[in-house]
Every structure is written in C-alpha cells, then in structure tokens.
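Here is a short report on two residues and one pocket. Keep the structure open as you read.

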Amino acid sequence: MFELVFLGTSASAPSADRNLTSTLLIHEGTRFMLDCAEGTQRQILRSGVGFKDLRRIFLTHGHLDHILGIGGLASTLGQWDVQSISKLEIYGGRWALDRVRDLMKVVMRGKEVEIEIAFIEIKPGVLVREKNLTVTAFSVLHRGTGNFGFVFEEQAKRPFLVERAQALGVPIGPERKRLVAGESITLADGRVIQPDEVLGELVPGTKFVHVGDLARINEVIEPARDADGLVMEATYLAADREIARKHGHITAAEAAQCAREANVKQLFLTHISRRYNGNIVAAEANAIFPNTIVCNDLDKYVVKREK
C-alpha cells in the first residue's frame, strides 16, 4: 500500500490555487519525495505530514519548476535538525544533478546549513531494493536529457492458507513462520509439511508509477502495465496539442489513453496549466479513461492492490 500526498500540482509557474510540482509517496513509513519545486517545504507544513524521515528526493528531470525547492528544504532540514535528519539523498539524471549542485553551492556557502547531500546519478534500472519494495527508473522523452519515470512495486507474496494449515495440524507459532519463509517443517508426529501445502498462488504486490513531464506516452505504457496507480502530467488539452508538442508535453487525453492501454487501475493527473480549470481537464480524460482524478494541492490518496 502506498500513500500519496500531492504537495504541488501546477505546471511551469504557480497559481493562486496550485503550487509547483511535488508529490510525497509514503510506503510502510518510508518517504520518497518526487520532484521538489519552490515552496514545497511550506506545502509539507500545510499538509500536516511533517518532515519526519524525509531523506530521499527523486527527480524526474532538471527543469527549474521541479528542483528549485530543494535548496529551501535542505536549509530547513539542516537548520531545524528535523528528527535528526543529517543526510539528504538526491536521485536524478546527470543534467538534473548538475543544476542542483549549482543550487546547493549557494545554500551551503558559509556553513550556515549543516546537512550532508548525496547526489546519486540514475540510469534505467533498479535504484532501491528493500525488504518489501523495489524502485526502478525508466527513460521518457522530454526536452533535454536525463528524463525519468519511476516504478514503485511491492514484493509479490503467497498468502498463508490458515484453514489448510489447521487441517494439516500445523501449530500456531514459529512453524508457520518457517513455512511462509519457504522452509519445510516436521510435525511432532513425524509428518513433513512442505510450503506448497499451505501457501496459495503468488499474488502481486501493489504497483505505483510516477511520471514527470514527457513528450509522448510510448515509453510509459509497458512500465505502467497493470499498475494500481499512475501519476502523469496533463499540462494541455487536446485542442492545444500543437502547443504541447512545441514544449515537449502531452495532453490530458493522451495521459488517459496511456492509462487505458496499460490497463492501469487509477490515473492521477497533475502538472495542470493555469490556463485550464481542473473540471475541464477531468472531463477530457474521463471520456477516455473513467478512473481518472485531477489532483489538487494537498490531496491525499491511498493506492493499494485490490484482492
């Protein structure tokens, strides 16, 4: 299960109602920030989720409306000693990291801010592998180089069949834990129980995909295949498709088409231009993919695999 907090949902420049792009993803208490626009630290305060354990920032690309908030966030974390956060890991393409390094030279000058910054250059493939989570990057097309989308996926599991275990006489306790771990056990009467006897079919974990700015959907469809949640931009409407192409963006209709082709369960649209009302964006996307939500600042959602 993933928790989503949309800290900012505007494209290119803020509006009176929308801050610039940033999304917070929480999985089993671990936090990942996806892009960090200016004003993000205040949005965190407004959201009520706080700064606890905020140690990783994943950058979709290096445009200013996706990175400028890192300086202020690092300053806050370094000066406030927030929950003993002493290190901030920033994942991004080379060009994005070069821009952030230049930004941080100003922030860190004079040693007013004491926080370690780790710059981690990413390429397509696995970035993080933890007990119940794998984070993978994939390339997308936008302006410039080093543009990425991210797949967050829980480990697939075989459910423990309690009734079957009871019928076989498997006692409650460490024996069941060993079977779940894939080990065979020997009961008091000498019978050997194999894991396959008490474990069900493999059930995929929850899959969440986040994509930043992009010029086409081609590279997203397969990574997003059967995802439980997909975040995409909807900077333009179909009527302004030529303008979208000029600036390396897609339309709300194209985002919906991507979700439909990838068999996604839920589509979340963000990066909304100030020229549009969110209801108009929602109408265009929902006509193609009904399970679409146009997100507003500070919206919170849960993404989980339905049984």
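Strands (E, at least two residues) and helices (H or I, at least four) are DSSP runs, numbered from the N terminus. This is a predicted model, where local features need pLDDT of at least 70, side-chain atom pairs count only at pLDDT 80 or more, and totals for chains, interfaces and linings use all residues. Residues are numbered from 1 along each chain as its sequence is written, and side-chain values use heavy atoms, with hydrogens and water left out.

Gly 125 sits in strand β7, and His 66 belongs to helix α2. Buried means under 20% relative accessible area, exposed over 50%, and partly exposed in between (1.4 Å probe, protein chains only).

| Residue | Element | Relative accessibility | Class |
|---|---|---|---|
| Gly 125 | strand β7 (residues 125–130) | 23% | partly exposed |
| His 66 | helix α2 (residues 64–67) | 0% | buried |

Contact means heavy atoms within 4.5 Å. Leaving out residues up to four places away in sequence, Gly 125 touches Val 135, Thr 136 and Ala 137. Ser 139 is 14 residues from Gly 125 in sequence, and their C-alpha atoms are 9.4 Å apart.

Which residues does His 66 touch beyond four places in sequence? Among them are Thr 21, Asp 35, Cys 36, Asp 213 and His 271. The side chains of His 66 and Asp 35 also share a polar contact of 2.8 Å. A polar contact is a pair of N or O atoms within 3.5 Å; within protein, one must be able to donate a hydrogen and the other to accept it, and residues adjacent in sequence count only if both atoms are side-chain atoms.
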